[in-house]
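Thank you all for coming; I would like to walk through one model this morning, taking the strands and their pairing before turning to the empty space. Please have the structure open, since I will be pointing at residues as I go.

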Amino acid sequence: MVDEALSAGAVARRLGVAVTTLRTWHQRYGLGPSEHIPGHHRRYTRTDLVRLEIMRRLTAEGVSPAEAARWARQAPDPMANGTVIPTPIHPTGRDGGGTIPVGRAGPAARGLARAAMRLDAAAISETIAHALAAGGVVATWDALLRPVLAGIGERHAATAGLIEVEHLVSRCVSEALAAASRAKVPTGPARILLSCADEEQHTLPLEALAAALAEAGVSYRMLGARVPVAALVEAVNRTGPAAVVLWSHTRATADPAQLSALLAAPRRPLLVLAAGPGWRADTLPAGVVRPVDLAEAVSLSTAVRDALDQSRRD
């Protein structure tokens, strides 16, 4: 717990809720910032934060906001006589459905995971947008989005649940990455072709690569999910890309024959990248590169684009 007073934005990130949610709790239920310095915005104290955490936890567990606010207001001041705040007991005894594991990821990822469990689309989108604006696409993917998406997958594998959470988070992530791509439209011909393997439906990592390429000023074409190998080769022959990135999330979609077909195409790309955990390094055809992460995929794509442009100028 912190001792310093916090702004609304800092509290929202800590709790994993939207700033608009904090305003609503303040206006409707009196759970607002209590520290006031003349000439400055009000700020949230440690006591305020404790009560807001109670409010957040109980509403996530299904308690009505009015009832949750009543419990929160009854919480004693944690600064008085060393009082320890007990965890409030839900009236029905439920525990809120568990949490999403995020490993060693930071507070932003934990806040995003809590917002995901609440199905709080506004808070999810606000957290992602803030991270993209502050750190860019690669950092947001590695430190925020990938840990939470992996945690949702881990919980689903263990419980067969969280399908609704996965759908909502995926939609919010996709919308945020699309907005990031549109924010900086690269100029020049599209030298990079992005595609999922045949029958592969997991597109978010490829969308992250597209947004990162746009951020780096690299033009691309995105074919998306479930691209048959014949259609992929046709796209290569029609557009002559410098590099093709073929994404596979699972072993079931990682047929090396797709990569061999790209290498045998009449307009063979300078670089073929087998991206994703589906590919096994020992099955890749000679000449195919397997990037270790998003940053390397961006770096390789940028380098081969630059090499092709330079060769055409010479």
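Let me start in strand S5, where Val288 is the bridge partner of Val272. I should say at once that this is a predicted model, and that every value I quote is computed from it. The pair I have just named belongs to the contact between S4 and S5, two strands that run parallel and are joined by 2 bridges.

Stepping back to the sheet as a whole, we find an open sheet of 5 strands, in the order S2-S1-S3-S4-S5, with parallel pairing. Its edges are S2 and strand S5, the latter covering 288–289, and each of these two pairs on one side only. As general background, the strands of a sheet pair through backbone hydrogen bonds, and they may do so in either the parallel or the antiparallel sense.

On the other side of S4 we come to S3, and here the two strands, S4 being residues 271–275, pair in the parallel sense over 5 bridges. Two positions help to fix the register by eye: Ala243 stands opposite Leu271 in S4, and Val245 stands opposite Leu273, also in S4. To get from S3 to S4 the chain passes through helix H11, residues 256–263, and this β-α-β crossover is right-handed.

How much of S4 is buried? The strand is mostly covered, with 5 of its 5 residues buried. It may help to recall that in a regular strand the side chains alternate between the two faces of the sheet. In S4 both faces are covered, with Leu271, Leu273 and Ala275 buried on one side and Val272 and Ala274 buried on the other.

In the neighbouring strand S3 I would pick out Val244, which has a relative accessible area of 0% and is therefore buried, the cut-off being under 20%. The C-alpha atom of Val244 is separated by 9.5 Å from that of Arg268, which is 24 residues away along the chain.

Moving now to the other end of the sheet order, strand S1, residues 192–196, and strand S2, residues 220–224, run parallel and are joined by 4 bridges. Within that pairing, Ser195 stands opposite Gly224 in S2. Together with H9, these two strands make a right-handed β-α-β unit.

A residue from helix H12 also deserves a moment, namely Thr302. Its relative accessible area is 19%, so Thr302 counts as buried, although the limit is 20% and I would read that label with this in mind. The C-alpha atoms of Thr302 and Ile192 are separated by 8.7 Å, while the two residues are 110 apart along the chain.

Two backbone angles are worth checking on your own screens. Ala160, which is not a glycine, has a positive phi of about 65°; Ala160 sits in the loop between H7 and H8 and is exposed, with a relative accessible area of 54%. Arg226, likewise not a glycine, has a positive phi of about 50°. Arg226 is found in the loop between S2 and helix H10, which spans 229–239, and it is partly exposed, at a relative accessible area of 42%.

That brings me to the empty space, and to the largest pocket, whose volume is about 880 Å³. Its lining is made up of 30 residues, and those closest to the centre are Trp141, His202, Pro205, Trp247 and His249. By class, the lining has 17 nonpolar, 9 polar and 4 charged residues.

Which elements supply at least two residues each to that lining? They are helix H7 (137–159), helix H8 (163–183), helix H9 (204–215), strand S3 (243–247) and helix H12 (294–313), and H7 gives the most, with 6 residues.

Finally, where does the largest pocket lie with respect to the domains? Domain 2, covering 107–182, and domain 3, covering 185–311, both give residues to the lining, so the pocket lies between them. I will stop there, and I am happy to go back to any of these positions.

Terms used
Residues are numbered from 1 along each chain as its sequence is written. This is a predicted model: local features need pLDDT of at least 70, side-chain atom pairs count only at pLDDT 80 or more; totals for chains, interfaces and linings use all residues. Side-chain values use heavy atoms; hydrogens and water are left out. On a 1 Å grid over the protein atoms alone, a cavity is a set of points where a 1.4 Å probe fits but cannot get out, and a pocket is an open set with protein on both sides within 12 Å along at least five of seven lines; lining residues have an atom within 4 Å of a point. Grid points are joined across faces, edges and corners, and a volume is the space filled by probe spheres set on the points. Ala, Val, Leu, Ile, Met, Phe, Trp, Tyr, Cys and Pro count as nonpolar, Asp, Glu, Lys and Arg as charged, and the others, Gly among them, as polar. Domain bounds come from an automatic or database domain assignment. Two strands pair if DSSP finds at least two bridges between them. A crossover is right-handed if, with the strands pointing away from the viewer, the path from the first strand over the helix to the second runs clockwise. Buried means under 20% relative accessible area, exposed over 50%, partly exposed in between (1.4 Å probe, protein chains only).
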